[in-house]
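Me: I should like to work through this protein by question and answer, beginning with its charged contacts.

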Amino acid sequence: MLISLLLMIALLLIAGALLIWQASIIFSLDINGGKLRVRRGDPPMNFEHAARDVVRRYGIEKGRLTATRTSKGLKLRTSPSVPKEAHAELQTALQRVKVGRKRRKKRR
């Protein structure tokens, strides 16, 4: 009985960790056949254009780009098929994105 209780608590902790991790994902893009497709979320247009340009210049045929929120800001995770140079360019494009900041109201 004690073992089953510990097992249930462990499973609940794992499920909680997965939920928190999934909530930190801002957006996800798939690259298939050299074309970008939004898989999850709503990426900013300027990042999407930069990603299309990088995919075209480096000739990336397949892969995935995932932007997650961390305590230090946004971080980009890429699949292993994306070259390191392309990853660096995409990360710098992502740093220019302002996500989750409230806009100030205009004064009249």
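Me: In this predicted model, how far apart are the closest N and O atoms of the salt bridge between D30 and R39?
Reply: The model is a predicted one, so side-chain atom pairs count only at pLDDT 80 or more. A salt bridge requires a side-chain nitrogen of Lys or Arg within 4 Å of a carboxyl oxygen of Asp or Glu. D30 and R39 satisfy this condition, their closest N and O atoms being separated by 3.8 Å.

Me: Is D30 buried or exposed, and how does R39 count?
Reply: D30 has a relative accessible area of 13%, and the limit for a buried residue is under 20%. R39 has 46% relative accessibility, which falls between the limits of 20% and 50%. D30 is therefore buried, whereas R39 is partly exposed.

Me: Which residues are linked with D30 in a network of salt bridges?
Reply: The whole structure holds seven salt bridges. One of them pairs D30 with R39. The network that contains D30 links it with R37, R39 and R64.

Me: How far apart in space are R37 and R64, C-alpha to C-alpha?
Reply: R37 belongs to strand β2, residues 35-40. Leaving aside neighbours within four places in sequence, R37 is in contact with S28, L29 and D30. R37 and R64 are 27 residues apart in sequence, and their C-alpha atoms lie at a distance of 9.6 Å.

Me: About how many turns of helix α2 separate E48 and R52?
Reply: E48 and R52 form a salt bridge whose closest N and O atoms are 3.2 Å apart. E48 is buried at 11% relative accessibility, while R52 is partly exposed at 40%. An α-helix has 3.6 residues a turn, so residues three or four places apart point the same way. E48 and R52 are four residues apart in helix α2, about one turn.

Me: R56 forms a salt bridge with D53; how far apart are the closest N and O atoms?
Reply: R56 and D53 are three residues apart in helix α2, and hence separated by about one helical turn. R56 is exposed at 60% relative accessibility, and D53 is partly exposed at 29%. The closest N and O atoms of R56 and D53 are separated by 2.5 Å.

Me: On how wide an arc around the axis of α3 do its buried residues lie?
Reply: Helix α3 comprises residues 84-95 and reaches 16 Å from its first C-alpha to its last, close to the expected 16 Å. The buried residues of α3 are A86, L90, Q91, A93 and L94. They lie on the same side of α3, because the arc that they cover is only 160°.

Me: Which elements are included in what covers the buried residues of α3?
Reply: The elements of the protein run α-β-β-α-β-β-α from the N terminus on. Those that cover the buried residues of α3 include β1, α2, β3 and β4.

Me: Which residues does T66 touch, not counting those up to four places away in sequence?
Reply: T66 lies in strand β3. T66 is buried, its relative accessible area being 11%. Its contacts are I25, F27, S28, K75, L76 and R77.

Me: What is the accessible area of the nonpolar surface patch that includes L13?
Reply: L13 is placed in helix α1, residues 2-23. At a relative accessible area of 59%, L13 is exposed. The patch consists of L2, L5, L6, M8, I9 and L13, and their accessible area together is about 620 Å².

How values were computed
Residues are numbered from 1 along each chain as its sequence is written. This is a predicted model: local features need pLDDT of at least 70, side-chain atom pairs count only at pLDDT 80 or more; totals for chains, interfaces and linings use all residues. Side-chain values use heavy atoms; hydrogens and water are left out. Patches are made of residues with over 30% relative accessible area and no salt bridge: like charges are joined within 9 Å, nonpolar side chains (Val, Leu, Ile, Met, Phe, Trp, Tyr) within 5 Å. Accessible areas come from the Shrake-Rupley method with a 1.4 Å probe; for residues, only the protein chains shown count as cover. Helices (H or I, at least four residues) and strands (E, at least two) are DSSP runs, numbered from the N terminus. Buried means under 20% relative accessible area, exposed over 50%, partly exposed in between (1.4 Å probe, protein chains only). Contact means heavy atoms within 4.5 Å. The expected span of a helix is 1.5 Å times one less than its number of residues. The arc is that of the directions from the helix axis to the C-beta atoms.
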